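I opened my notebook to look through a protein model with you, one entry at a time. Keep the picture beside you as you read.

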Amino acid sequence: MWKEENNKLTRSFEFSNFVEAFAFMTKVALLAEKMNHHPYWENVYNRVEIQLSTHDAGDVVTEKDRKLAALIDDLVK
């Protein structure tokens, strides 16, 4: 579940291995590029941490972040 804290939406995802985590990141990258809204993220082995905020709105959470978060959630359903 996404948490809103420090003007960011954050969520951690865990997969069974690195390949699955990387495949997920590839799918997110394609969504983000299509929206021209790119996340801050970190990946270590099977974990992916994502932070969303809208830079051109002053680094706060906007509807753009909520929309991308919902699309990301759809990928892991």
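**Entry 1: a word I need first.** I call a residue buried when its relative accessible area is under 20%, and exposed when that area is over 50%. I also note that this model is predicted.

**Entry 2: strand E4.** I looked up which way the side chains of E4 point, and found that they alternate. Val48, Ile50 and Leu52 point to one face and are buried. Arg47, Glu49 and Gln51 point to the other face and are not buried.

**Entry 3: the whole protein.** I listed 2 helices and 4 strands. Read from the N terminus, the elements run β-β-α-β-β-α. The radius of gyration is 12 Å, close to the 11 Å that the globule rule gives for 77 residues, so the protein is as compact as a globular protein of that length. The C-alpha trace spans about 35 × 25 × 20 Å along its principal axes. Of the 77 residues, 34% are buried. I also looked at the surface: the protein exposes about 5100 Å², and carbon and sulfur atoms supply 53% of that. Then I turned to contacts with a separation of 6 or more, where residues 24 or more positions apart account for 62%.

**Entry 4: how the strands pair.** Which way do E1 and E2 run when they pair? I found them antiparallel, with 3 bridges. Glu5 has Lys8 in E2 as its bridge partner. E2 also pairs with E4, again in the antiparallel sense, over 6 bridges. Two partners that I looked up in E4 are Val48, which bridges to Phe13, and Glu49, which bridges to Ser12. From Entry 2 I recall that Val48 is buried while Glu49 is not. How many bridges join E3 to E4? I counted 5, and these strands are antiparallel too. Here Val44 stands opposite Arg47 in E4.

**Entry 5: positive phi angles.** Before checking the turns, I reminded myself that most residues other than glycine have a negative phi. Asn6 takes a positive phi near 55 degrees in the hairpin of E1 and E2, which has 2 residues between the strands. The hairpin of E3 and E4 also has 2 residues between its strands, and there Tyr45 takes a positive phi near 50 degrees. Asp59 is another residue other than glycine with a positive phi, near 60 degrees. Asp59 sits in the loop between E4 and H2. Is Asp59 buried, partly exposed or exposed? Its relative accessibility is 40%, so I put Asp59 down as partly exposed.

**Entry 6: Ser53.** Ser53 is in the loop between E4 and H2. Its relative accessible area is 9%, so Ser53 is buried. What does Ser53 touch, leaving out residues up to four places away in sequence? I found Asn7, Lys8, His37, Asp59, Val60 and Asp65. Two of these names were already in my notes: Lys8 as the bridge partner of Glu5, and Asp59 for its positive phi.

**Entry 7: Met25 in H1.** Met25 lies in helix H1, residues 18–35. With 12% relative accessibility, Met25 counts as buried. Leaving out residues up to four places away in sequence, I found that Met25 touches Trp41, Asn43 and Val48. I also checked Arg47, which is 22 residues from Met25 along the chain: their C-alpha atoms are separated by 10 Å.

**Entry 8: helix H2.** I wanted to check the length of H2, which has 13 residues (63–75). At 1.5 Å a residue H2 should span 18 Å, and its end C-alpha atoms are 19 Å apart, which agrees. Which residues of H2 are buried? My list is Asp65, Leu68, Ala69, Ile72 and Asp73. Seen down the axis of H2, these buried residues fall within an arc of 145 degrees, so they line one face of the helix. An α-helix has 3.6 residues a turn, so residues three or four places apart point the same way. What does the buried side of H2 pack against? I found strand E2, helix H1 and strand E4. The face of H2 turned away from that buried side carries Glu63 and Lys67, which are exposed.

Definitions and conventions: Residues numbered from 1 in each chain as written. Predicted model: local features only at pLDDT ≥ 70, side-chain atom pairs only at ≥ 80, totals over all residues. Heavy atoms only, no water. Buried < 20%, exposed > 50% of the residue type's maximum accessible area, 1.4 Å probe, protein only. Contact = heavy atoms within 4.5 Å. Expected span 1.5 Å × (residues − 1). Arc of directions from axis to C-beta. Rg over C-alpha atoms; globule rule 2.2 N^0.38 Å. Areas by Shrake-Rupley, 256 points an atom, 1.4 Å probe, with all protein chains shown as cover. Pairing = 2+ DSSP bridges.
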